[in-house]
Amino acid sequence: MTQKFGLSVALATPFDSNGDIAIEAMIEQARRSLAAGCSSVTLFGTTGEGSSLGTQERERILASMLDSGIAAKQIIVGVLVDAAEDAAMQAGHALSKGARNILLAPPSYFKNVSDDGVFQWFSAVFAILGDKARDIIVYNIPSVTMVPLSVSLIGRLRTAFPNVVTGVKDSSGDWPFTEKLLKAHGDLVILVGDERHLAKGVRLGGQGAISGMANFVPREVKLMAEEGKDDSRIEDFVAELLKFPVTAAVKAMVAHLTSDEIWLAVRPPLVSISDEGQAQLALAFDTLFRSKAA
């Protein structure tokens with residue numbers, strides 16, 4: 001029996017005072033996440049500000065991760081670009097280094113595009129990749145891309161590219177859609193991006209998650225992602241996170257738990273949340289996860 005996907009941390013990317021990537025802090029966070037039970041780390045996703053990282057930066061980070069002793073089979077690489085050539089170049093480099101999977105988002109500059117157009121874009125990426133193409137998890141996050149991946153489009157992709165498209169990360173936050181996706185394509189690796197829906201998604205056949213919250217509560221999210229165990233604290237804290245820009249809020253929580261302010265910085269066009277917002281999140285977290293009742 002094939003091993004289930006499990007939990008991958010959607011690794012946040014720290015920046016130093018010059019705005020450069022703080023690679024050592026990033027490696028340390030990856031190691032903490034793996035030691036806490038994550039089966040892999042996902043680099044350059046939404047939480048990792050992947051769309052703000054250049055190709056050379058990405059290659060340097062991946063090389064540093066591998067040089068640090070983190071195994072290629074424990075690394076997933078997010079690709080969030082619009083040109084098929086760029087997507088294939090970034091994906092091809094990571095795959096050539098042995099990355100476990102590519103998390104591939106659809107192009108997002110043009111809005112109101114058809115399923116046919118999106119299908120043709122993915123087809124172009126895979127054609128450029130050629131024999132390198134494998135283990136692609138398509139990324140449905142319409143709140144960011146404004147380009148939803150429909151259940152029927154996912155069906156077309158898996159039929160046309162059965163040895164390439166192996167999974168879906170669904171960060172739609174739309175439970176009826178997630179439920180329909182699991183029913184139609186449950187033999188794919190379906191990953192539930194919204195932690196509020198994660199446990200019940202796993203109970204319906206989901207194989208785990210790529211989770212931003214795993215940056216700071218990995219053990220709790222692991223039980224949801226691998227055992228389908230409900231945790232009302234996670235659901236309640238997601239509601240608190242959503243009061244703020246999510247990427248900046250996740251990084252504020254890493255800063256809170258590591259006592260390292262390097263994690264507060266985000267790369268433009270994002271901005272860090274206020275001191276007041278940080279305090280509000282920290283209080284909510286400590287109340288939920290550090291009180292005696294918890």
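1. A quick definition before we start: helices here are DSSP runs of H or I with at least four residues, numbered from the N terminus. With that in hand, α11 is the element that gives the most to the lining of the largest pocket, with four residues. Please keep in mind as you read that this is a predicted model.

2. On the pocket itself: the largest pocket has a volume of about 870 Å³. Its lining consists of 43 residues, and those nearest the centre are Thr 46, Tyr 139, Ile 141, Val 144 and Val 246. If you would like a place to start looking in the viewer, these five residues will do nicely.

3. Which elements each supply at least two residues of the lining of the largest pocket? The helices are α5 (142-145), α8 (195-203), α10 (232-241) and α11 (246-258), and they are joined by the strand β8 (208-211).

4. The chemistry of the lining is mixed: 21 of the residues are nonpolar, 16 are polar and six are charged.

5. Now to the charged pairs. Side chains of opposite charge can pair when their charged atoms come close. The count for this model comes to twelve salt bridges, and three of these pairs are described below.

6. Helix α11 comes up again here. Glu 49 forms a salt bridge with Lys 251, with 2.7 Å between the closest N and O atoms. This pair links distant parts of the chain, 202 residues apart: Glu 49 sits in the loop between β2 (40-43) and α2 (55-67), while Lys 251 belongs to helix α11. Are the two partners buried or exposed? Both Glu 49 and Lys 251 are buried.

7. A second pair joins two helices. Asp 116 and Arg 156 form a salt bridge, their closest N and O atoms being 2.7 Å apart. Asp 116 lies in helix α4 (residues 115-129) and Arg 156 in helix α6 (residues 151-160), so that the link spans distant parts of the chain, 40 residues apart. Asp 116 counts as partly exposed because its relative accessibility is 43%. Arg 156, at 34% relative accessibility, is likewise partly exposed.

8. The third pair is Asp 135 with Arg 134, whose side chains meet in a salt bridge at 2.9 Å, N to O. Why does Asp 135 count as partly exposed? Its relative accessibility is 26%, and buried would mean under 20%. Arg 134 is also partly exposed, because its relative accessibility is 25%.

Notes: Residues numbered from 1 in each chain as written. Predicted model: local features only at pLDDT ≥ 70, side-chain atom pairs only at ≥ 80, totals over all residues. Heavy atoms only, no water. 1 Å grid on protein atoms, 1.4 Å probe; cavity = no way out; pocket = protein on both sides within 12 Å on 5 of 7 lines; lining within 4 Å. Points joined across faces, edges and corners; volume = space filled by probe spheres on them. Nonpolar A, V, L, I, M, F, W, Y, C, P; charged D, E, K, R; others polar. Salt bridge = Lys/Arg side-chain N within 4 Å of Asp/Glu carboxyl O. Buried < 20%, exposed > 50% of the residue type's maximum accessible area, 1.4 Å probe, protein only.
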